[in-house]
Protein chains: 2
Amino acid sequence: MSAEPRTPLTRDRVVAAAVGRADAAGLDGLSMRALADELGVVPMALYKHVANKGALLDAMVEALFVEIGVRDASADWRGWLRRRATEVRGALRRHPWANGIMETRAPGPVNLRHHDAVLGCLRGAGFAFADAIHAYSLMDAYVYGFAAQEAALGFARPSDAGEAASRRAASVPSSDGLPHLAELVRLLPASGYDPDVEFAWGLDLLLEGLERRLASRR
Amino acid sequence: MSAEPRTPLTRDRVVAAAVGRADAAGLDGLSMRALADELGVVPMALYKHVANKGALLDAMVEALFVEIGVRDASADWRGWLRRRATEVRGALRRHPWANGIMETRAPGPVNLRHHDAVLGCLRGAGFAFADAIHAYSLMDAYVYGFAAQEAALGFARPSDAGEAASRRAASVPSSDGLPHLAELVRLLPASGYDPDVEFAWGLDLLLEGLERRLASRR
DNA sequence: TGCACTAAGTGTACGCCGTATACCGAGAGG
DNA sequence: CCTCTCGGTATACGGCGTACACTTAGTGCA
């Protein structure tokens with residue numbers, strides 16, 4: 001019945017527990033105190049491994065980039081970008097708490113390697129310096145924007161979409177004068193809405209557009 | 001020297017002051033207590049006009065949609081969408097605090113009219129129900145994603161871009177193995193980077209893509 | 001004229017939060 | 001054996017959102 005030795009705290013253990021807690025309870029549900037509790041430790045013990053909560057968030061984002069991984073270069077730049085975009089979106093779906101902070105936290109080394117790899121893919125595809133930046137900005141804006149949208153609407157399965165739409169509609173006094181929104185609420189449940197399809201639709205449009213830009217510059 | 005009558009508190013005054021404070025100090029700098037102070041009132045007085053801080057945030061987002069306004073329909077759907085996107089981005093630039101919360105807060109009536117108008121524009125342009133939703137999702141993802149990116153990078157003038165890039169680069173131990181990022185840091189300052197151009201580049205690509213989709217479905 | 005009722009603003013207090021600071025015990029190195 | 005470092009602890013401070021009970025000023029009606 002005596003105290004078992006208890007595996008020692010590590011920076012990695014702290015970060016992993018933080019990610020787990022944020023997955024389950026959201027960013028608001030992640031407090032240093034609750035996290036310490038979960039690790040069977042007093043709150044201030046965390047500060048021996050992380051400078052402060054901001055640094056913990058930095059580390060969590062970096063952990064997410066590690067989870068995503070950095071893909072090897074490929075001759076098929078469109079496929080490469082598509083796979084990367086899909087993976088980032090998947091990660092943000094598994095870890096919705098990351099949505100607001102992916103771009104705001106201080107970047108870690110893997111994060112930077114990520115950026116470098118994307119830029120490298122675009123330059124390798126033939127984009128000029130300025131166009132590569134444009135393309136990069138466009139892709140990231142779409143992926144992060146879509147993921148944020150998805151997290152905000154808060155449904156994962158196609159069948160939930162209609163339910164979510166009605167919930168939103170119900171929270172508003174009247175849909176008078178909103179014919180298209182009313183149509184959406186009416187038709188969406190039966191339309192077999194699928195967020196994967198939605199994401200791919202936009203992604204295809206983007207990649208096609210990029211290819212055209214590339215072709216026209218050559 | 002006696003107390004002047006002091007203009008009475010109003011929900012609108014509270015919301016306006018909150019927007020002002022968030023503009024100046026960010027969302028983190030917006031506390032009920034500081035806001036009350038600014039209004040020369042005790043914190044709890046605010047609760048006579050707003051249910052709680054969440055409701056205040058809802059109202060702030062709604063105020064932002066009011067500021068943006070709902071544009072009248074137009075035959076030129078591309079121009080309409082471009083103007084709207086530009087205006088939304090402009091609003092998010094003036095009020096960076098709104099970046100994380102535009103889509104997550106409970107929507108108010110003007111917000112909904114906004115959505116309805118966009119959907120109406122797309123349906124009017126000839127997009128089928130499902131494609132209109134796809135297009136909508138794509139446009140919003142881009143606009144909000146771009147604005148978030150812009151806010152995260154945190155520079156407004158083209159000339160600041162290089163400085164921001166170096167700052168980011170300096171915060172990282174070494175750029176070894178990051179040739180493209182290194183190139184970016186080296187070339188960006190002199191490249192005359194302009195966020196307006198950046199935004200327009202992606203927006204044009206999007207609208208072009210949408211037009212193609214529209215043409216091919218007809 | 002008086003009186004109840006309402007709505008706006010106040011005061012106090014509670015339980016969270018992040019974290020500064022001082023402390024303590026165990027193991028390591030001389 | 002003594003000191004030093006390092007991981008974990010205890011206590012405490014100031015700030016947060018807000019529940020609850022209160023005063024006070026105005027209003028409608030008898």
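A phosphate oxygen of DNA strand D sits 2.9 Å from an N or O atom in the side chain of A:His49, which fits the cut-off for a polar contact (a pair of N or O atoms within 3.5 Å; within protein, one must be able to donate a hydrogen and the other to accept it, and residues adjacent in sequence count only if both atoms are side-chain atoms). On DNA strand C, a phosphate oxygen lies 2.9 Å from a polar side-chain atom of B:His49. This is a predicted model, in which local features need pLDDT of at least 70 and side-chain atom pairs count only at pLDDT 80 or more, while totals for chains, interfaces and linings use all residues. Residues are numbered from 1 along each chain as its sequence is written, chains are lettered from A and ligands numbered from 1 in the order in which they are written, and side-chain values use heavy atoms, with hydrogens and water left out.

**DNA strand D**

- There are 18 residues around DNA strand D, and A:Lys48, A:His49, B:Arg33, B:Tyr47 and B:Lys53 come nearest; a residue is near a strand if one of its heavy atoms lies within 4 Å of it.
- By class, the surface there has 10 nonpolar, 3 polar and 5 charged residues (Ala, Val, Leu, Ile, Met, Phe, Trp, Tyr, Cys and Pro count as nonpolar, Asp, Glu, Lys and Arg as charged, and the others, Gly among them, as polar).
- Take the atoms of DNA strand D within 4 Å of the protein: 44% belong to sugar or phosphate, and the rest to bases.
- A:Val42 uses its backbone, with a polar atom 3.0 Å from a phosphate oxygen of DNA strand D.
- B:Arg33 goes for a base instead: an N or O atom in its side chain is 2.3 Å from a base nitrogen of DNA strand D.

**DNA strand C**

- DNA strand C has 17 residues around it, with A:Met32, A:Arg33, A:Lys53, B:Lys48 and B:His49 coming nearest.
- The surface near DNA strand C breaks down into 9 nonpolar, 3 polar and 5 charged residues.
- Sugar or phosphate accounts for 42% of the strand C atoms within 4 Å of the protein, and bases for the rest.
- The side chain of A:Ser31 has an N or O atom 2.9 Å from a phosphate oxygen of DNA strand C, and the side chain of A:Tyr47 also places an N or O atom 2.9 Å from a phosphate oxygen of this strand.

**Where chain B meets chain A**

- On chain B, 50 residues are in contact with 51 residues of chain A (contact means heavy atoms within 4.5 Å).
- About 4700 Å² is buried between the two chains, and carbon and sulfur atoms give 66% of that; buried area is the accessible area (1.4 Å probe) that two parts lose on being put together, summed over both.
- B:Phe129, B:Trp201 and B:Arg213 supply 15% of the area chain B buries against chain A, more than any other three residues.
- The rule finds 5 salt bridges across this interface (a side-chain nitrogen of Lys or Arg within 4 Å of a carboxyl oxygen of Asp or Glu).
- B:Arg213 and A:Glu208 meet through their side chains in a salt bridge, 3.2 Å from N to O.
- The interface also has 12 residue pairs in polar contact, both residues at pLDDT 80 or more.
- Helix 6 of chain B gives the largest share of the side that touches chain A, 14 residues; helices here are DSSP runs (H or I, at least four residues), numbered from the N terminus.

Note on methods
Helix = DSSP H or I, 4+ residues; strand = E, 2+ residues; numbered from the N terminus.
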